[in-house]
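Here is my note on the model, point by point. Please keep the structure open while reading.

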Amino acid sequence: MENKKTIEKVIEYIEDNLDNQLNLDDIAKEAAYSKFHLNRVFLECVGCTIYQYIQRRRLTVAAEKLVYTKKPIIEIAYEANYSSQESFTYAFRQLYGCPPQEYRNQKVYIPKLNKAELNCKLVMRYHPTMKCEVIAA
């Protein structure tokens with residue numbers, strides 16, 4: 001279960017640094033894993049890549065700010081680490097199905113991805129064509 005503890009540590013690191021610039025090299029260094037292996041293990045345990053997790057978490061926090069604050073959308077976009085309102089709007093629409101202004105006008109906050117809590121168990125599964133496969137159960 002060393003992988004589970006590592007992924008929990010990675011999630012904590014990401015959550016503590018959501019407002020900062022995050023990249024896979026720094027996260028992998030923090031976890032003491034190669035970035036390729038870390039991304040594979042993260043995908044198995046969480047169900048999405050590290051990049052997808054970071055993006056969805058930032059957009060979820062942004063959605064909360066849209067509903068509960070009066071901050072300008074451009075400011076929320078910058079806080080979510082987007083370089084422009086256009087790129088933020090595009091990503092937001094992909095996840096929430098509507099642009100940020102429309103979401104704000106609805107005045108209903110619906111989180112798309114809360115902080116991941118791991119309940120994964122790594123299981124060895126035998127396949128006749130392979131020796132074994134590690135999967136998240």
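1. **Glutamate 79, exposure.** Start with Glu79, which is partly exposed at a relative accessible area of 23%. The cut-off for buried is under 20%, so 23% places Glu79 outside that class. Glu79 sits in helix 5. Please note that this is a predicted model.

2. **Glutamate 79, partners.** Which residues does glutamate 79 contact, leaving aside neighbours within four places in sequence? They are Asp19, Lys65 and Lys71. With Lys65 there is a polar contact, side chain to side chain, at 2.7 Å. Asp19 is 60 residues away in sequence, yet the C-alpha atoms of Glu79 and Asp19 are 6.2 Å apart.

3. **Asparagine 81, position.** Follow the chain past helix 5. Asn81 belongs to the loop that runs between helix 5 (73-79) and helix 6 (85-96). Asn81 is partly exposed, with 27% relative accessibility. Its C-alpha lies 7.0 Å from that of Gln21, and 60 residues separate Asn81 and Gln21 along the chain.

4. **Asparagine 81, partners.** Beyond four places in sequence, Asn81 contacts Leu18, Asp19, Asn20, Gln21 and Arg58. Two backbone oxygens deserve a look. The side chain of Asn81 reaches the backbone oxygen of Asn20 at 3.0 Å. A polar atom of the Asn81 side chain is also 3.3 Å from the backbone oxygen of Asp19. Asp19 therefore appears twice in this note: it is in contact with Asn81 and with Glu79.

5. **Overall fold.** Now the whole chain. There are 7 helices and 2 strands. Their order along the sequence is α-α-α-α-α-α-α-β-β. The chain has 137 residues, and 36% of them are buried. About 8,600 Å² is exposed, with carbon and sulfur atoms supplying 50% of that area. Among contacts with a separation of 6 or more, 54% join residues 24 or more positions apart.

6. **Largest nonpolar core.** This core holds 20 residues. Which of them touch the most other members? Ile14, Ile27, Leu38 and Tyr53 do. Helix 1 (2-16), helix 2 (24-31), helix 3 (35-46) and helix 4 (50-68) each give two or more residues to this core.

7. **Leucine 38.** Take Leu38 as the worked example. Neighbours within four places aside, Leu38 is in contact with Thr6, Ile7, Val10, Ile27, Ala28, Ala31, Tyr33 and Ile50. Ile27 is on that contact list, and Ile27 is also among the core members that touch the most others.

8. **Second core.** A separate core has 16 residues. Its members include Ala62, Phe88, Ala91 and Cys98. Phe88 returns in the next point.

9. **Aromatic pairs.** The whole structure contains 7 aromatic pairs. One of them joins Tyr82 and Phe88, edge-to-face, with 5.6 Å between centres and 65 degrees between planes. Tyr82 and Phe88 are both buried. Phe88 also pairs with Phe92: the ring centres are 5.7 Å apart and the planes meet at 45 degrees, so this pair is tilted.

10. **Aromatic cluster.** Phe88 and Phe92 both belong to helix 6, 4 residues apart, or about one turn of the helix. How accessible is Phe88? Its relative accessibility is 0%, so Phe88 counts as buried. Phe92 is also buried, with a relative accessible area of 0%. One aromatic cluster brings together Tyr82, Phe88, Phe92, Tyr96 and Tyr103.

11. **Threonine 89.** Next to Phe88 in number, Thr89 is also in helix 6. Is Thr89 buried or exposed? Thr89 counts as buried because its relative accessibility is 19%, and the cut-off is under 20%. Residues up to four places away aside, Thr89 touches Pro99 and Pro100.

12. **Cysteines.** How many disulfides does the structure hold? The count is 0. A disulfide is a covalent bond between the sulfur atoms of two cysteines. Cys48 is buried, with a relative accessible area of 4%. Cys98 is buried as well, at 6%, and Cys98 is one of the residues in the second core.

Terms used. Residues numbered from 1 in each chain as written. Predicted model: local features only at pLDDT ≥ 70, side-chain atom pairs only at ≥ 80, totals over all residues. Heavy atoms only, no water. Buried < 20%, exposed > 50% of the residue type's maximum accessible area, 1.4 Å probe, protein only. Contact = heavy atoms within 4.5 Å. Areas by Shrake-Rupley, 256 points an atom, 1.4 Å probe, with all protein chains shown as cover. Core = buried A, V, L, I, M, F, W, Y, C linked by side-chain atoms within 4.5 Å. Polar contact = N/O pair within 3.5 Å; in protein donor to acceptor, adjacent residues only side chain to side chain. Disulfide = S-S within 2.5 Å. Phe/Tyr/Trp six-rings, centres within 6.5 Å; stacked < 30°, edge-to-face > 60°.
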